[in-house]
Structures are given as C-alpha cells and as structure tokens.
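The following exercises are intended for a reader meeting this structure for the first time. Each task is followed by a solution set out in steps.

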Amino acid sequence: MNELAILLVPLLAAAILAIVPAYRLSARINVIACLVAFLAAASLLWQRPETGQYLLIDDLNVVFIVLTNFVAFTTSAFSASYIGHELETGRLTPAYLRFYHAMYQVMLFGMNLALIANNIGLMWVAVELATLSTVVMVGIYRTHEAIEAAWKYFILGSVGIALALFGTILVYLAARPVVGEGMDAMVWTELLRHASGFDPSLLNVAFIFLLLGYGTKVGLAPLHAWLPDAHAEGPTPISAVLSGLLLNVALYALLRFKMLLAANPGAIAPGPLMIVLGLLSLIFAGFMLYRRRDIKRLFAYSSIEHMGIIVFAFGMAGPIGNFAGLLQMTMHSLTKSAIFFSVGHVAQVKGTQRIAEMGGLTESHPVLGWGLIGGVAAIAGLPPFGVFQSEFLIVSSTFARAPLLAVLLVFGLLIAFGALMLRLSSVAFGPPLGPVGPVKASYVPMFAHLALVLVAGFYLPAPVVAWFQHVAALLG
Amino acid sequence: MISPGLDFDIAHMLAGGLVLVSFMMLYQDRLYALINVLALHAVVLALSVAWQAYIHDAPHLYITAAIALVFKAIIIPVALRRMVFRLGIHREIETVFGIGLTMLAGIALVGLSMEVMLPVTAHADPVAREDIALALSVVLLGLLVMVTRRNAVSQVVGFMSLENGINLAATGAQGMPLVVEISIAFSILIAFIVIGIFLFRIRERFDTVDLSALDASRGER
C-alpha cells in the first residue's frame, strides 16, 4: 500500500491542483500532499512490499526515496512562502501558479516512479517525465533568458535521454539470450541475478551510452551545459529540487547499471570512467566558480562540483568509497536546498540575482545572512558540518589507495573552497547594498536542513551508519 | 513467412534506407525540403517497423508503425511547415560547416558505429545485429544534424531522426517489451517540443555571431 501511496498521492494532488484556483489554498495542498508522500515514504523503512515486475523497494532505493520525499516536502513549504511574493511582483500570474503547483506534483511522481521502478524501461519513462515537468517550470517566467534556459535544458536533456534509451535497449539485447525474451529481460532484479551470464562486450557499450545519457542529467562536465542556466532562470524552489533531487535520481539510475556491470566478471570496470568524469567535473566547476556574477548560477556550478565529488567517490567504490559517496550525496541534497531557500529570499528582497548588487546581508537581514553563511560554510566543507565528514572520508580513503588521484581531488576541493569564500564574503559582509526592506520568509525549512547537516557532522546514529554500510556493500 | 534469406534482406534494405535518408538530411539547405525528407524518414521507419512486425509475428509493433506513419510522417511535418510559414522563419538553413565536410563526418560516423556495434553483437541474431548497427548510425547522424544546424526547427528535425533511429533499434531487439509505450512517450516528448517552439516563438537557436546578443544570452548580466 505505502509504495503505491508515494505514487498515487502526487498524481492525485496534481489533478486537484490543476483545478484549484486560489493560490494560498493550492500552496497548502501542495505542502500537505508532499507531507503525506513523505510519511508514506518513511513507512517504507519498516514495512516493505513484495517485489513485483514493475515495483521494487530494496535497501538501496529506500534511502533515495526517503531523501527525495523529505526534501520535496521542505521545498514545498519554502515554495509556499516564496511564491506569494512572485505573484505580488507580477512575475507569475495566478494561472501560471496553478500550473506550477500541478507540475511540482507531477515531478514528484516522476522522481518517485523512477526510484521505485523495478523495470529499466519504466525507469527511463519516469526520468523522462520528471525532466519534462522541470523543463516547463524552468521556463515559467517566460523571459527571454528563461525560455532560452528551458530550450537548452530541453534539447540537451532529450539527447541525453535518447542516448540512455539506446543504452537500455542494448542492456535488453545483452539480457535476452540469458533471461529469455519478453518482460523479464527488463526487470531489474532478474537482470542482476543473471548478469554474470551476459555478453560482456555488449554490456560495456551499453554502459557507455547510459553513462553519457544519464550523466547528462547528473550534470557531469562536459555534459553539464544545461545545468547552470536551468538553475538560474527558473523559480528558486525548482533550483532547489533540481540540485537536491533530480540530479540524484539520474545518479541512482547510473548506480543501478554500475551494479549490473560489477556483477559481470568479463565487463570493464566502470570505476575509472566515473573517476575521470567526476574529477573533470570537480576541477572544471571549481575554476568556473570564480567567474560567476549571478548567485544562483554560482551555486549551480557548486552542484556540478559536488556531483563530481560524489561520482568520484562511487567510482572509487569499495565499502568506504560507496559509504562516503552516499553520505556526501545526502549531505549535498540537504545543504544545497537549504542554500537555495536562503538565496531565493535574498534575491526577492534585493530584486536581483547579481552578486555585485547585494552585500552586507548579515547587517541588513541577519537571519537570512547567517543562514546563508551556515549553508555556504557547510557546502564548502568546513568542519562542524556533515559535508566535511564525508569529504574527509573520501579524501583520506583516496590517499590510502591512489595518492595521485587524491592530490587532484584536494586541488579541486581547495579551488572551489576559495571561490565560495570569496563570493560569500562580498555577499554577507561589508556595508549593505541594494534594498534593505523587511523579508517575509519562513526560515523553518532552511534551518531544519542546516540543523540536520550540523548534527550529522557531530553524530551519525548507529542504525544509519549500519544502513549506509550495508548499502555500500551492495554497491560493490 | 517467405524464405529467411529474403526476410533478412528486406529488413536490412529498409534499415539501410533509413541511413540513406539520414544522409539526405545532411545536404538539404532549404527548410521545407528538410521537412519533406523528415516525412520520408518516418515513412521508411514505418515500413521497417511494419516489416519487423510481420517477420517476427509481433502484432503490437504495427501500433508503433502506425504512430510513425500518422504522427511523424504526416502530423508533425504539416505542423512544422505551418510553423515555418506563420513565424516567418528563414527558409534557408545556416549550416556550421560546409556540406562536404558534414557528409564526410557522416560517413565517418557510420563507419564508427559499424566498427563499434558489429563486433560486440557477434552473438546476437543476424537481423538484430545489422539493425542495431544501422540504428546507431541513424542516431549519430541525427546528432550531427542537430550540431551542424543553427535553427530551432532543423534541430527538432535532427532530434526526430535521432529518435527514429532509437525506434529502429527498439523494434530490432526482438521481443523487447514496452516498445509501443516508449514510442508513445517519445511522441509526447516531440509534441511538447513542437508546441514549445510555437508558444515561445523560438525562431533561431540562441547562438549567433552577433556579440551583443551573445552577451545577453549568456545569462551573466
């Protein structure tokens, strides 16, 4: 039941939101629907359904599902306080707002379906659905820049998704002689059970296509071109879910196929490919951070950087690498969405996203300013926060196994750290710049995320650690 | 069922025909002509899928063939033609490289896909094997069309031909489930793209040699 709830609740809510005209009411329905979906997702931790041909809950995807529904819930609460301002300033009309809320639930449905699917074809369709719903939300302001961003996202995302489908077909071709014709050859659990008998060379080519296809959606350099524009031009709640969730969903798809390759003795090791792409993304994004003048674009590049670190960690694999990758992914989702919550209100009160036109936030808006400082300190990897822990794990385990790679990794981390600190100091300190009017914001989602990240930095509960260790072992 | 040899030859010919039509796209320099070639591409795909449905005795594939014929060979080309007319888009296509260079690149891509796919599919059955290799050629040629054209409509044409290549691969992989569903999902995607162009009046791709326009559209204001 609960596995159907995380699919049906968003679907039903989307239908209702499409016809409710009052925006306060629909914002509330949006929050409630996300809360119900989150509770249903959390109940999956205790009560797990049978594995079928279409749906699957296992130890790996339940982590992603709970995280996705949690961040979607807090983001909907942030969105409720954010979106009213957009209506007042006339950037959105009530009709578009209705559309926005319905699409938010469609996106949640798509992501949940992609995570829960036990069928590689169904997973592909779900990722496509989630992509389409975010495309229309990125373009919702209908400015020239927003449409350009949506178009770019659309075309690059479509090409990526087409390549992923080609890879999916090749996996089917590899599975057919072993598993037999028909639906079973696309069922994930069947694939994994028989993976050792697949033709390794076909599997290798399939993985290249899947890596390029889903890698585009993860935002790995050099396939990242859509990501900064899509983050900068859409509504900020969408930037938060893009960074915090959609990138993870694509990463999840990649991890699934990586497990398939790991189960086949003749296939290439996917690790080195992922390590190269991860390091490339990290270092490239680190340098790109210096030249950003738009605050949302800055944090979009920081997402590319972090996806690079995460893909690197999963590429290094082993119990520690996978553990650190999972932790880093969780921490990044929580921290980056908290940052976007704060950035969204900052951009609203200042009326601009240009870093040069905002300054002295700690003086003019102390709560927002210090929230932003906390978020950036966390994302840059400063000690008391959880990101520091996971990055420390990644760096130290890499030093033990491949010192040369570790040097590159640390180099990238330091470059990015410097850039973030430089930008933060100009935004947070100094004399206040731009409008200093009061801000109507709900700070709860932002500080809830930061508190979680902070607590994770000091103390990870033993069951969580055991769980992550178990999943890390599954990933091989 | 006719003789297996003939089955194979016809399937092979139709898939090869799709590659040929993809090449025809590369040298079109008029938008209307390009749209006509796209319609032809879809017709060849429909024939190829219908032939697969016949030889493999898989009636559900006729649906995919029908979608290709009605939606991609008739509705979308007509919609694109009207759009070019209504939005007053330039009828001539700006290409990034010369035609000759693009054709050479296309030949190289076909060679590459044969080189990659034929060895790895050595154990698959021969029809699927040739189909997959030719389908990859169509996919790569579609990407080439997207990369070398500057205008939104011709990018959509490139994407659709890429997608036709994927449909060919999906139908060639014998007994693959969800083929019909996937072709419907793709049709929805394409409909979205076309509606998007129309609603937002995207005339050109956003890159241009005009530097001031470039600054404005880099988003770094």
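**Exercise 1. Describe the fold of chain B in this predicted model: what percentage of its residues is buried, and how many helices and strands does it have?**

Solution. Begin with burial: of the 221 residues in chain B, 44% are buried. Next, consider the secondary structure, which consists of eight helices and zero strands. In sequence order, the pattern of chain B is therefore written α-α-α-α-α-α-α-α, each helix being a DSSP run. Finally, turn to the contacts in chain B between residues at least 6 apart in sequence: 74% of them join residues at least 24 apart.

**Exercise 2. Determine which helices of chain B supply the side that touches chain A, and what classes of residue that side has.**

Solution. First, count the residues on each side: 37 from chain B are in contact with 35 from chain A. Second, identify the contributing helices: α4 (99–120), α5 (126–148), α6 (152–172) and α7 (179–200) of chain B each supply at least two residues. The largest share of this side, eight residues, is that of α7(B). Third, sort the side of chain B by class, which gives 25 nonpolar, eight polar and four charged residues.

**Exercise 3. Classify the crossing of α8(A) and α4(B).**

Solution. Two packed helices are described by the angle between their axes and the distance between the axes. Here the axes of α8(A), residues 200–218, and α4(B) come within 8 Å, and they cross at roughly 140 degrees. Only angles over 145 degrees count as roughly antiparallel, so α8(A) is oblique to α4(B). The residues that meet are S201(A), L202(A) and V205(A) from α8(A), and V116(B), P119(B) and V120(B) from α4(B). By class, this contact has five nonpolar residues, one polar and no charged.

**Exercise 4. Compare the span of helix α6(A) with its expected value, and state whether α6(A) is mostly covered or uncovered.**

Solution. Helix α6(A) covers residues 144–179, which is 36 residues; at 1.5 Å a residue, it should span 52 Å. Its end C-alpha atoms are 50 Å apart, in agreement with that value. As to burial, 31 of the 36 residues are buried, and the helix is mostly covered. Just after α6(A), G180(A) has a positive phi of about 105 degrees.

**Exercise 5. Find which residues touch the most other members of the largest nonpolar core.**

Solution. This core has 253 residues, and A114(A) and V249(A) touch the most other members. The helix that gives the most to this core is α6(A), with 23 residues. Beyond its neighbours within four places in sequence, V249(A) is in contact with M111(A), A114(A), L115(A), V127(A) and A130(A).

Methods: Residues are numbered from 1 along each chain as its sequence is written. Chains are lettered from A and ligands numbered from 1 in the order in which they are written. This is a predicted model: local features need pLDDT of at least 70, side-chain atom pairs count only at pLDDT 80 or more; totals for chains, interfaces and linings use all residues. Helices (H or I, at least four residues) and strands (E, at least two) are DSSP runs, numbered from the N terminus. The expected span of a helix is 1.5 Å times one less than its number of residues. A residue is buried if 20 or more other C-beta atoms lie within 10 Å of its own, exposed if 12 or fewer, and partly exposed in between; C-beta atoms are placed from the backbone. A nonpolar core is a set of buried Ala, Val, Leu, Ile, Met, Phe, Trp, Tyr and Cys residues joined through C-beta atoms within 7 Å. Two residues are in contact if their C-beta atoms, placed from the backbone, lie within 7 Å. Ala, Val, Leu, Ile, Met, Phe, Trp, Tyr, Cys and Pro count as nonpolar, Asp, Glu, Lys and Arg as charged, and the others, Gly among them, as polar. Axes are lines fitted to C-alpha atoms, for helices over the stretch in contact, and angles run from 0 to 180 degrees between N-to-C directions. Angles under 35 degrees count as roughly parallel, over 145 as roughly antiparallel, 65 to 115 as roughly perpendicular and the rest as oblique.
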